[in-house]
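Student: I have a new structure to look at, and I would like to learn how to read it. Could we go through it feature by feature?

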Amino acid sequence: MSRREPYLASRLQGFGTTIFAEMSALAVETGSINLGQGFPDTDGPHEVLDAAVDAIRNGKNQYPPGPGIPELRDAIARHQQHWYSLEYDADTEVLVTAGATEAIAASLLSLCELGDEVVTFEPYYDSYAACIAMAGAQRRVVQLQPPDYSFDVDALAAAFSPRTRLVLLNSPHNPTGKVFSRAELEAVARLCVEHDVLAVTDEVYEHLVFDGEHVPLATLPGMRERTVTISSGGKTFSCTGWKVGWVCARPDLVSAVRTAKQFLTYVNAGPFQHGIAAGLDLPDSTFRSLAAELREKRDRLSRGLADAGLIVFASHGTYFVTTDIRSLGEHDGLAFCRSLPERCGVVAVPNVVFYDDRSAGLPLVRFAFCKRLDVIDEAVARLKALRT
Ligand SMILES: Cc1ncc(COP(=O)(O)O)c(C=O)c1O
């Protein structure tokens, strides 16, 4: 047998183990507080958990239907209508996926031809670059600039070309905590319409907004028919391990995404789909109190990081806040994160992994605040050692 090394296909070279796996392993190894990976350390609403347990106990343990259980698709359609006045047909315009991760992968794999271009913003959630590469497409990146992570509309316009197939947008935005304003989204929408391209929007943090409002791109003029809206129950209901996500779009786009999705996982998370269906129908007050709890955690951690001597960029949504370590006289976020467990017993994530322009991301470090207040307090106490 002939050997051909490296075995990893060229389009995936450069995508090693994700930084989250490396940093979470480091947290376990050193017994550190893990403010790296974005998962909560408490459970979400009991109604959500109870519905999944009931489903397991009541024989809902086999393959669910390919597009997702009808109860969940109906609940997703009701949710879009209730929160955003967006109408989707639960049978033809909603597809349940294995988390937002599969929805992103299936969208890119099904909608992009080899050599198409995908416009996205950096820093970007790390699966975007890998999925664009797996689809054989090219990314064209527009930079979000701290402290407010705004972008230059001319730079965005310049990123479009005749090869642009779609814009891949994430709001509320990981890792920055930016919530794109209506005016910014209107600029994105205008360009999509002008160039007649699709948009894929990742809105997994849609209910975790602390300042301002979440505006789904699909609500803007000309966007309902050209937007694939992606979300997931994991972040909203603190059950990131369930991996129940979804896609809402017009029927031919959903049908395209389903074509790829059915050969990735086919289906997943049968009983958990019942849990998320119950969650989406919870009263507005539940969603608001989940966001309010998280806002308090954001405030507590942001203050603590500033007290530890870091520059803190305001986070308006998500689980995350970004800091700049140059105020500590340091400049390499990757080295900083690798040394942080030993120095302080805390784990964070270097934002450089979310950038093409490594120099822009190098001094930035992301901390997750989706942890119990006592855990955040302990982390803040430990991080005071950075000042000494
Ligand atoms: C921006 C963004 N998109 C997608 C995901 C993945 O979502 P899921 O766990 O539903 O696959 C995450 C998880 O961290 C995320 O931050």
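Student: How many bridges pair E2 with strand E8, and in which sense?

Tutor: In general, the strands of a sheet pair through backbone hydrogen bonds, either parallel or antiparallel. Helices (H or I, at least four residues) and strands (E, at least two) are DSSP runs, numbered from the N terminus, and two strands pair if DSSP finds at least two bridges between them. In this predicted model, E2 and strand E8 (residues 244–248) are antiparallel, with five bridges. One of the residues to look for is Ala98, whose bridge partner in E8 is Val244.

Student: What should I know about the numbering and the model before going on?

Tutor: Residues are numbered from 1 along each chain as its sequence is written. The model is predicted, so to speak of local features takes pLDDT of at least 70 and side-chain atom pairs count only at pLDDT 80 or more, while totals for chains, interfaces and linings use all residues; side-chain values use heavy atoms, leaving out hydrogens and water.

Student: Which order do the strands of the seven-stranded sheet have?

Tutor: The order is E2-E8-E7-E6-E5-E3-E4, in an open sheet with mixed pairing. Strand E2 (94–98) and strand E4 (138–143) are the edge strands, each pairing on one side only. On average, neighbouring strands here are turned by 25° against each other, direction ignored.

Student: Which strands does helix H4 lie across?

Tutor: Two ideas help here: contact means heavy atoms within 4.5 Å, and axes are lines fitted to C-alpha atoms, for helices over the stretch in contact, with angles from 0 to 180 degrees between N-to-C directions. Helix H4 (residues 99–111) lies across E2, E3, E5, E6, E7 and E8, and runs at about 160° to E7. Helix H9 (residues 251–261) also packs on the sheet, where it touches E2, E6, E7 and E8 and makes about 25° with the direction of E2.

Student: How is the sheet of four strands ordered?

Tutor: That open sheet reads E9-E10-E13-E12, with antiparallel pairing. Its edge strands, E9 (311–313) and E12 (349–350), each pair on one side only. E12 is joined to strand E13 (residues 364–368) by two bridges, and Val349 has Arg366 as its bridge partner in E13.

Student: Which helices lie across its strands?

Tutor: Helix H11 (residues 284–307) lies across E9, E10 and E13, at about 10° to E10. Helix H12 (residues 333–344) lies across E12 and E13, at about 40° to E13.

Student: Is His79 buried or exposed?

Tutor: Buried means under 20% relative accessible area, exposed over 50%, and partly exposed in between (1.4 Å probe, protein chains only). His79 has a relative accessible area of 2%, so it is buried. You will find His79 in helix H3 (residues 70–84). Its side chain makes a polar contact of 2.7 Å with that of His207; such a contact is a pair of N or O atoms within 3.5 Å, and within protein one must be able to donate a hydrogen and the other to accept it, with residues adjacent in sequence counting only if both atoms are side-chain atoms.

Student: And what is the accessible area of Arg358?

Tutor: Arg358 has a relative accessible area of 48%, so it counts as partly exposed. Arg358 belongs to helix H13 (residues 358–361).

Student: How many helices and strands are there in the protein chain?

Tutor: The protein chain has 14 helices and 13 strands. Of its 388 residues, 57% count as buried.
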